[in-house]
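Thanks for coming, everyone. I have one structure to show you, and I will keep it short.

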Amino acid sequence: MPSRRRPPHPPMFTRLLFSFFAPLATSTPVRMATWLLLPPGTPAGTWTALLLQSAGTAAYACARPRW
């Protein structure tokens, strides 16, 4: 019996479904969790993006990248 193949990118489909069924952004934690779905210039989305950028830069610097 042939094995069934999984769809190539299930996370993309999951993200699409999440965007349709995500709760309304009424509290700050929910806004931060759904920051990619917020319109540009939203304070919660901007601060979340800056926080993730800072954490990523710090993690990259601590990992001592090799050139």
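I will start with the overall picture and then go helix by helix.

First, the ground rules. This is a predicted model, where local features need pLDDT of at least 70, side-chain atom pairs count only at pLDDT 80 or more, and totals for chains, interfaces and linings use all residues. Residues are numbered from 1 along each chain as its sequence is written, and side-chain values use heavy atoms, with hydrogens and water left out.

Now the fold. The protein chain has three helices and zero strands. Its pattern along the sequence reads α-α-α. Helices here are DSSP runs of H or I with at least four residues, strands are runs of E with at least two, and both are numbered from the N terminus.

How much of the chain is buried? Of its 67 residues, 10% count as buried. Buried means under 20% relative accessible area, exposed means over 50%, and partly exposed is in between, with a 1.4 Å probe and protein chains only. The chain exposes about 6,500 Å², and carbon and sulfur atoms supply 68% of that. Those areas come from the Shrake-Rupley method with a 1.4 Å probe; for residues, only the protein chains shown count as cover.

Helix 1 next. Leu17 sits in this helix, which covers residues 10–21. Leu17 is partly exposed, at 34% relative accessible area. It joins Phe13, Leu16, Phe20 and Phe21 in a nonpolar surface patch of about 590 Å². Patch members have over 30% relative accessible area and no salt bridge; nonpolar side chains (Val, Leu, Ile, Met, Phe, Trp, Tyr) are joined within 5 Å, like charges within 9 Å. A salt bridge puts a side-chain nitrogen of Lys or Arg within 4 Å of a carboxyl oxygen of Asp or Glu.

Between helix 1 and helix 2 there is a loop, and Ser27 is in it. Ser27 is partly exposed, at 29% relative accessibility. Its C-alpha atom is 9.8 Å from that of Ala44, 17 residues apart along the chain.

On to helix 2, residues 28–33, which holds Met32. Met32 is partly exposed, at 35%. The C-alpha atoms of Met32 and Trp47 are separated by 8.5 Å, with their positions 15 residues apart along the chain.

Now helix 3. Which of its residues are buried? Ala44, Gly45 and Thr48 are. Seen down the helix axis, the buried residues fall within an arc of 95°, so they line one face; the arc is taken from the directions from the axis to the C-beta atoms. The opposite face carries the exposed residues Pro43, Trp47, Gln53 and Ala61. Helix 2 is among the elements covering the buried residues of helix 3.

Take Thr48, in helix 3, residues 43–62. Its relative accessible area is 7%, so Thr48 is buried. Beyond its neighbours within four places in sequence, Thr48 is in contact with Met32 and Trp35. Contact means heavy atoms within 4.5 Å.

Does the length of helix 3 fall short of or agree with expectation? At 1.5 Å a residue, its 20 residues should span 28 Å, and the end C-alpha atoms are 28 Å apart, which agrees. The expected span is 1.5 Å times one less than the number of residues.

Last stop: just after helix 3, Arg64 takes a positive phi of about 55°.
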